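Please open the model in a viewer and follow the selections below in order. The tour begins at the ligand and ends at a single loop residue.

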Amino acid sequence: MKIAIFGAGVAGLSAAIELVDKGHSVEIYEKRKVLGGKVSVWKDSDGDSVESGLHIVFGGYSQLQHYLKRVGAENNYSWKEHSLIYAESDGKQSFFKKANLPSPWAEVVGGLQADFLTMWDKLSLIKGLFPALAGNEEYFRSQDHMTYSEWHHLRGASEHSLQKLWRAIALAMNFIEPNVISARPMITIFKYFGTDYAATKFGFFRKNPGDSMIEPMRQYIQSKGGRIFVDAKLGRFELNSDETIKHAVLRDGHTITADAYISALPVHNIKTVLPVEWLAHDYFRNLHQFEGSPVANCQLWFDRKITDTDNLMFSQGTTFATFADVSLTCPEDFQKGMGTANGGSVMSLVLAPAHNLMDMPGEVIISMVMKDIHDRFPKSRDAKLLKSTLVKIPRSVYKAVPDVDQYRPDQISPIKNFFLAGDYTYQRYLASMEGAALSGKQVAEKLLSKLGG
Ligand SMILES: Cc1cc2nc3c(=O)[nH]c(=O)nc-3n(C[C@H](O)[C@H](O)[C@H](O)COP(=O)(O)OP(=O)(O)OC[C@H]3O[C@@H](n4cnc5c(N)ncnc54)[C@H](O)[C@@H]3O)c2cc1C
């Protein structure tokens, strides 16, 4: 069977891996020059890696780890110490370290030892979060009508723990505040966090997500006969009289004919190319319920080390929510003699919430970030900033706000030869690399079982 896939993010590449392995003829069309979508990385004029966003692999990402192994990239990432590290003013750090016990005791004992929570925070958390730990998928779904803040307060958990602990998690997961994000994804995460010891450990790519994951995926797909076209933007579909796709037309006028078509575009992009005839179906109309979360990623190169923390860090009350010194976490990308690397820190910072930053000039944002860096990392006050980069993504992952989960589409559409993949489509994870990988696996399996391949 000939299958055309549009979009070369993790979802499109994962679907391609499954399909080339089954011997199908796969063509991927990507609008940009670089593969990877939100995980893409490119080089600046100094030869340094600029990433769309700092990316972490979680212990619980079994599908993504499976693909990394399948493409020979299982050694391209490494695990860090198992703790949440919160950067505070003047170089102080607070920790939530899991105890060396089976879950949930690892989390309960770890939580009781966390020095940045009061005893009342701890007791109210243990009591308040119990339904999340004991809950199942049905319970999580039933809580999707309220925000996480509402759920937290209804459970009697303290405002202080919301601001100190969970706000950072909401911003890291979906780039939105706890009073905007639905309770559902947050309590689903507590379940993972509280019941599976290994699920929440953080892994970093040894180089960067582009070289360590996307490039091996590309090589694997091409080695199995898959063809990848860049600078190839999907423009529209032409239909047969029964509404199935006759062919896809790229923006440059090039026509593609296949037995099946998979969109692995972000939801806001696929909405713009849907034929109007298809909008008679709820399935396609519902895609208009999704809105993208704005986010920005800032990278700062310093002439010396400003931290020795080799792990993900969280911070609250700052322009950045999650960040890492990638010269430490991803050492193979920042060795002396490569790009501008000189042994200094290279901070990669996810700026969230970012709705106010989208129209702000880059220099203003960098100066705000630097002020916060000086506050959190005293060593930076004497360091020289060598250069900075800023990537703004006005519509990144879909906002997981209350009541939107019900609109996540299945990978099978009502159109016989058209399928959807992407982190927003229905699978058990929120928008993430794992969610995108799962959607790629599911779309391939469902397509083959429907069309018989
Ligand atoms: C700043 C940031 C940090 C993140 N951190 C993490 C993290 O630590 N861990 C984690 O698991 N997830 C993280 N994520 C989320 C993760 O990156 C995404 O959920 C995932 O990569 C989405 O993959 P996808 O394939 O569904 O979509 P995308 O990556 O968006 O891929 C879609 C592709 O379609 C292409 N395209 C669009 N329109 C067209 C067209 N008309 N024709 C052809 N091609 C088109 C795009 O260029 C893109 O390559 C982060 C995201 C951001 C923005």
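**The shell around the ligand**

Begin by selecting the residues around the ligand in this predicted model: there are 39 of them, and Gly7, Gly9, Ala11, Gly37 and Gly53 come nearest. Next, colour the secondary structure elements that give two or more residues to this shell, namely α1 (10-21), β15 (295-302) and α15 (433-451). Of the elements, α15 provides the largest share, with 4 residues. Colouring the shell by residue class then shows 19 nonpolar, 13 polar and 7 charged residues.

**The domains**

Now select the domains one after another. The assignment for the chain comprises domain 1 (2-39 + 207-291 + 407-451), domain 2 (97-200) and domain 3 (294-393). Keep domain 1 and domain 3 highlighted together with the ligand: each of these two domains gives at least three residues to the shell. Then bring domain 2 back into view alongside domain 1; between their C-alpha centres the distance is 34 Å.

**Ala354**

Finally, select Ala354, which is found in the loop between β18 (346-351) and α14 (362-376). Is Ala354 buried or exposed? Ala354 counts as buried because it has 24 C-beta neighbours inside 10 Å, and the threshold for a buried residue is 20 or more. Display its contacts as well: beyond the neighbours within four places in sequence, Ala354 is in contact with Phe175, Pro294, Val295 and Ala296. As a last step, draw a C-alpha to C-alpha distance from Ala354 to Lys446; these residues are 92 residues apart in sequence and 36 Å apart in space.

Key
Residues are numbered from 1 along each chain as its sequence is written. This is a predicted model: local features need pLDDT of at least 70, side-chain atom pairs count only at pLDDT 80 or more; totals for chains, interfaces and linings use all residues. A residue is buried if 20 or more other C-beta atoms lie within 10 Å of its own, exposed if 12 or fewer, and partly exposed in between; C-beta atoms are placed from the backbone. Two residues are in contact if their C-beta atoms, placed from the backbone, lie within 7 Å. A residue is near a molecule or strand if its C-beta atom, placed from the backbone, lies within 6 Å of it. Ala, Val, Leu, Ile, Met, Phe, Trp, Tyr, Cys and Pro count as nonpolar, Asp, Glu, Lys and Arg as charged, and the others, Gly among them, as polar. Domain bounds come from an automatic or database domain assignment.
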